[in-house]
Amino acid sequence: MYGLIGKTLGHSFSPQLHRWMWGCEYRLLPMDEAAAEQFFTQRAFDGVNVTIPYKQLALRLCDEVDDRAERIGAVNTVVNRGGRLYGYNTDYDGLSACIRRAGISLLGRKVLILGTGGTSRTAHAVAEDLGAEEIVTISRSGPDNYENIRRHAGAEILINTTPVGMYPAAGAAAVDIGVFPNLQGVVDAVYNPLTTYLVDQARQRGIPATCGLPMLVIQAQRAGEHFSGRRISDASAEAALRRITAEQTNLVLMGMPGSGKSTVGAMLGKRLGRPFVDLDEEVVRTAGKPISEIFDSGGEDAFRNIESQVLRQVSARHGIVLALGGGTAVREENRYFIRQNGRVYYLQRPLESLSGEGRPLSKSPEAIRALYEERREVYQSMADVSVDCSACGTEEAAAIIAKEWQSL
Ligand SMILES: Nc1ncnc2c1ncn2[C@@H]1O[C@H](COP(=O)(O)OP(=O)(O)OP(=O)(O)O)[C@@H](O)[C@H]1O
Ligand SMILES: O=C(O)C1=C[C@@H](O)[C@@H](O)[C@H](O)C1
Ligand SMILES: [Mg+2]
């Protein structure tokens, strides 16, 4: 029997990852501390991963612990060989490969590690071994903290090991990366959302950055090797990463009012077997009245406020097709949330063919043109893919998007 033990495990992708990479049945085994201790004493398992908060407990209860896990002070992989428990730390492999994969070099650089928990200790060992010149750990209450972080403004690499920015509290970062003008790379161990606010901010500035999903997959690859005694190829780990990323990513449709987001989105959802969510409909549901009435009573601001609030919730979901409202991307504060789990498809149709019916902001052709001029740049900068719908109907547009998505 293989599985994962920890306190709360609802979010874990480990069962799928292990099934895909080496075909084993892998169970989630949430338990309290007394049960965890008993679990290691009874030894009625073949291999387990260990997550928060039992990695130290696992280290203590193994018969043999490899040097790396000993040095880090945490075991995340335990193999039962003939009744003896062997402990390893594959988070180390996951983090170092994740950094390499993102093209980030720590060699000779000043590295700031945010946070002091278990992953922070792993990050420290990795940074040392990758040749960091100086490593500083930032905590809330230690000598190097978030209040005096400007004394480390020369940092070149940031590694976030805190849960700040993690679902359901996305949209925040432990530090403002504007403080670090020499930044060369950002690594965030958080993998939900797929793109954290910290990583998004780095990418917007052109700084190489990675979230924690590759780390999770690669630690599972190495753990699977310890469990099975076989090698798991990098190609198989890459395929698992691609698959989990695809399953978790949302297809987000953006474009002018009347460009087909709702119609094409519903068709796309059917084609891909994914739930379809229309942001405008969610706004109507939340407000309890139609959009025209929201505009009549509180103006555009009232509408935008509800829209932003609803977007935060809806964009935190995974594996959906999401139609935005025509103006959702205009508000700067919404842009991160559109991207957090999303691949953005920009639907383009000739302005003459956009219907203004029932749409408060596009009542005349002039109004539509003015809106377009105002929004064009934002749409272009937000688009991952532009879809030219000028010569195709809605089903065809859905087919084009589905094909692009499936080719990834
Ligand atoms: N490529 C297309 N070919 C033909 N008709 C289309 C195309 N795209 C959209 N339409 C039609 O245009 C109308 C508006 O489409 P829809 O309501 O899906 O737009 P929308 O982008 O969701 O608009 P809004 O921003 O107002 O929510 C619908 O009648 C739809 O069938
Ligand atoms: O969430 C998970 O599935 C895991 C998280 C990390 O703690 C890993 O160390 C663990 O092996 C699996
Ligand atoms: Mg719509």
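**Ligand 2, an annotated site and some backbone oddities**

In this predicted model, a polar side-chain atom of serine 12 sits 2.5 Å from an oxygen atom of ligand 2. A similar story holds for aspartate 91, where a polar side-chain atom comes out at 2.6 Å from a ligand 2 oxygen, and for asparagine 49, with a side-chain N or O atom 3.4 Å from an oxygen of ligand 2. (Polar contacts here are pairs of N or O atoms within 3.5 Å; inside the protein, one atom must be able to donate a hydrogen and the other to accept it, and residues adjacent in sequence count only if both atoms are side-chain atoms.) On its own, ligand 2 would expose 310 Å², and the protein buries 92% of that; accessible areas are Shrake-Rupley values with a 1.4 Å probe, and for residues only the protein chains shown count as cover. The surroundings of ligand 2 (residues with a heavy atom within 4 Å) include His11, Ser14, Thr51, Lys55, Tyr191 and Gln219.

As for bookkeeping, residues are numbered from 1 along each chain as its sequence is written, while chains are lettered from A and ligands numbered from 1 in the order written. Local features need pLDDT of at least 70 and side-chain atom pairs pLDDT 80 or more, totals for chains, interfaces and linings use all residues, and side-chain values use heavy atoms, with hydrogens and water left out.

Moving on to the annotation, the unreviewed UniProt entry lists a "binding site" that covers residues including Gly258, Lys261, Ser262 and Arg359; positions follow the numbering used here, feature names are shortened, and such annotations may be inferred rather than shown by experiment. Serine 262 belongs to helix H10, residues 261–272 (helices, H or I, have at least four residues and strands, E, at least two; both are DSSP runs numbered from the N terminus). Serine 262 has 35% relative accessibility, so it counts as partly exposed, a class between buried (under 20%) and exposed (over 50%), using a 1.4 Å probe and protein chains only. Beyond four places in sequence, serine 262 contacts Phe276, Asp278 and Ala323, contact meaning heavy atoms within 4.5 Å. Arginine 359, in the loop between strand E15 and helix H14, touches Pro257 and Gly258 with the same sequence neighbours set aside.

The backbone has some quirks too. Most peptide bonds are trans, and most residues other than glycine have a negative phi. Isoleucine 52 and proline 53 are nonetheless joined by a cis bond, omega about 5°, and the tyrosine 167 to proline 168 bond is cis with omega near 0°. Arginine 43 shows a positive phi of about 60°.
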